[in-house]
Amino acid sequence: MQACTLIARAKINLYLEILGSRPDGYSEVAMVLQSIHLADRVQLKRRHHGIHLRCDHPEVPTDVNNLAYKAAELLQKECHSSAGVEIHIEKHIPVAAGLAGGSANAAAVLVGMNQLWGLGLTVGDLQSLASRLGSDIPFCVQGGTQLATGRGEILEPLADWEGIPLLLAKPRHLGVSTAWAYQAFRSLQEDSTSGSQPYDTVSSLPQVLVAFDRQDPQALANSLRNDLEKPVLATYTLVGELRSALRSAGALGSLMSGSGPTVFGIMPSLEQASQTRDTLRRQFQDVDFWVTQSAPTGILLEPDPQSLSLS
Ligand code: ATP
């Protein structure tokens, strides 16, 4: 294989509980992560040597600071390969939005290069490499719906629930750094508990799991939780306004995803999601909206057009 194209899907957090801080500086979390159809396209081509990366989004780095570049470099090192790769990222997932766009790109490079170079690595091998690059990347390799614990790298699949109708909203000119959001959460926590560990919270995770078992959208909407909302909403009031506007406009429930600033609403139907998007667009002119759905996988290899025409 000389080249391949991958669909790299974004994720939302249906649940994000921060349980405490860890000696390695990360937070101990319990999360329910869900792949969605909103996705970037990542094209890979074999090269004799070197890693070359291009991206059509001006704010995304194209050097070693790009997570996809780091993924290619790690595979090269681990597999003692001098072969190279050309990476082209077509961005559709907004950047620094709490939707794991960079992580999805890195996961696509791990999955795609494994195919391209015929490395024969298992999903487990790819996940352990992924966890060395970032906490959300193992999830992006696996995708679907997963309960994530530890710092987010320990995954347990939940029953697939494809096609949950969703409406996403992101303030156009606002990005939130994940590191800042966790730090701001810790500062708030220390102020209110004098730094006692672990954090004392009542979990609503069992309700989320029951909602998934029953595939009950209203039950899921009632049990949404994201501990990072508190610091982010306190700093960026528009995020809270969008979350409330989604509810008032007919969402069964709404929540900020990850470290934000994207918020999502669980909608009764795709038609209602489109209608609500049109209404809210008139109200919030500096906000981008996407109608999308939950997806059963994270990374998808796009069929090669040549092999399709031969079959
Ligand atoms: P997460 O939800 O995993 O915290 P995010 O969606 O909030 O991630 P990203 O879109 O992954 O954030 O981008 C965060 C930062 O990472 C960006 O500001 C950008 O400079 C850098 N970055 C590195 N590689 C990429 C990439 N391939 N795509 C987007 N951003 C990248």
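The lining of the second largest pocket divides into 8 nonpolar, 3 polar and 6 charged residues. This pocket belongs to a predicted model, and its volume is about 280 Å³. Altogether 17 residues line the second largest pocket, and those closest to its centre are A3, C4, T5, Q43 and L44. Three strands, β1, β2 and β4 (84–90), each supply at least two residues of this lining. Among the contributors, β2 gives the most, with 4 residues.

The largest pocket may be considered next. Rolling a probe the size of a water molecule over the atoms shows where empty space is left. In the largest pocket, that space amounts to about 1000 Å³. Its lining consists of 42 residues, of which L67, A100, S103, D136 and T178 are the closest to the centre. Sorted by class, the lining of the largest pocket holds 19 nonpolar, 17 polar and 6 charged residues.

Where does the largest pocket lie with respect to domain 1 and domain 2? Domain 1 comprises 3–161 together with 296–303, and domain 2 comprises 165–293. Because both domains give residues to the lining, the largest pocket lies between them. As for secondary structure, the strands β1 (3–21) and β2 (27–47) and the helices α2 (101–116) and α5 (178–193) each supply at least two residues of the lining of the largest pocket. The largest share, 5 residues, comes from α5. Strands β1 and β2 thus recur in the description of both pockets: each supplies at least two residues to the lining of the largest pocket and at least two to that of the second largest.

The surroundings of the ligand complete the picture. There are 20 residues around the ligand, and G98, A100, G102, D136 and T178 come nearest. Of these names, A100, D136 and T178 also appear among the residues closest to the centre of the largest pocket.

Which atoms of the protein lie 2.9 Å or 2.8 Å from an oxygen atom of the ligand? A polar backbone atom of G98 is 2.9 Å from an oxygen atom of the ligand. For G102, a backbone N or O atom lies 2.8 Å from a ligand oxygen atom. The side chain of N105 provides a further contact, in which one of its N or O atoms is 2.9 Å from a nitrogen atom of the ligand. Taken alone, the ligand exposes 620 Å², and the protein buries 80% of that area.

Note on methods: Residues are numbered from 1 along each chain as its sequence is written. This is a predicted model: local features need pLDDT of at least 70, side-chain atom pairs count only at pLDDT 80 or more; totals for chains, interfaces and linings use all residues. Side-chain values use heavy atoms; hydrogens and water are left out. On a 1 Å grid over the protein atoms alone, a cavity is a set of points where a 1.4 Å probe fits but cannot get out, and a pocket is an open set with protein on both sides within 12 Å along at least five of seven lines; lining residues have an atom within 4 Å of a point. Grid points are joined across faces, edges and corners, and a volume is the space filled by probe spheres set on the points. Ala, Val, Leu, Ile, Met, Phe, Trp, Tyr, Cys and Pro count as nonpolar, Asp, Glu, Lys and Arg as charged, and the others, Gly among them, as polar. Domain bounds come from an automatic or database domain assignment. A residue is near a molecule or strand if one of its heavy atoms lies within 4 Å of it. A polar contact is a pair of N or O atoms within 3.5 Å; within protein, one must be able to donate a hydrogen and the other to accept it, and residues adjacent in sequence count only if both atoms are side-chain atoms. Accessible areas come from the Shrake-Rupley method with a 1.4 Å probe; for residues, only the protein chains shown count as cover.
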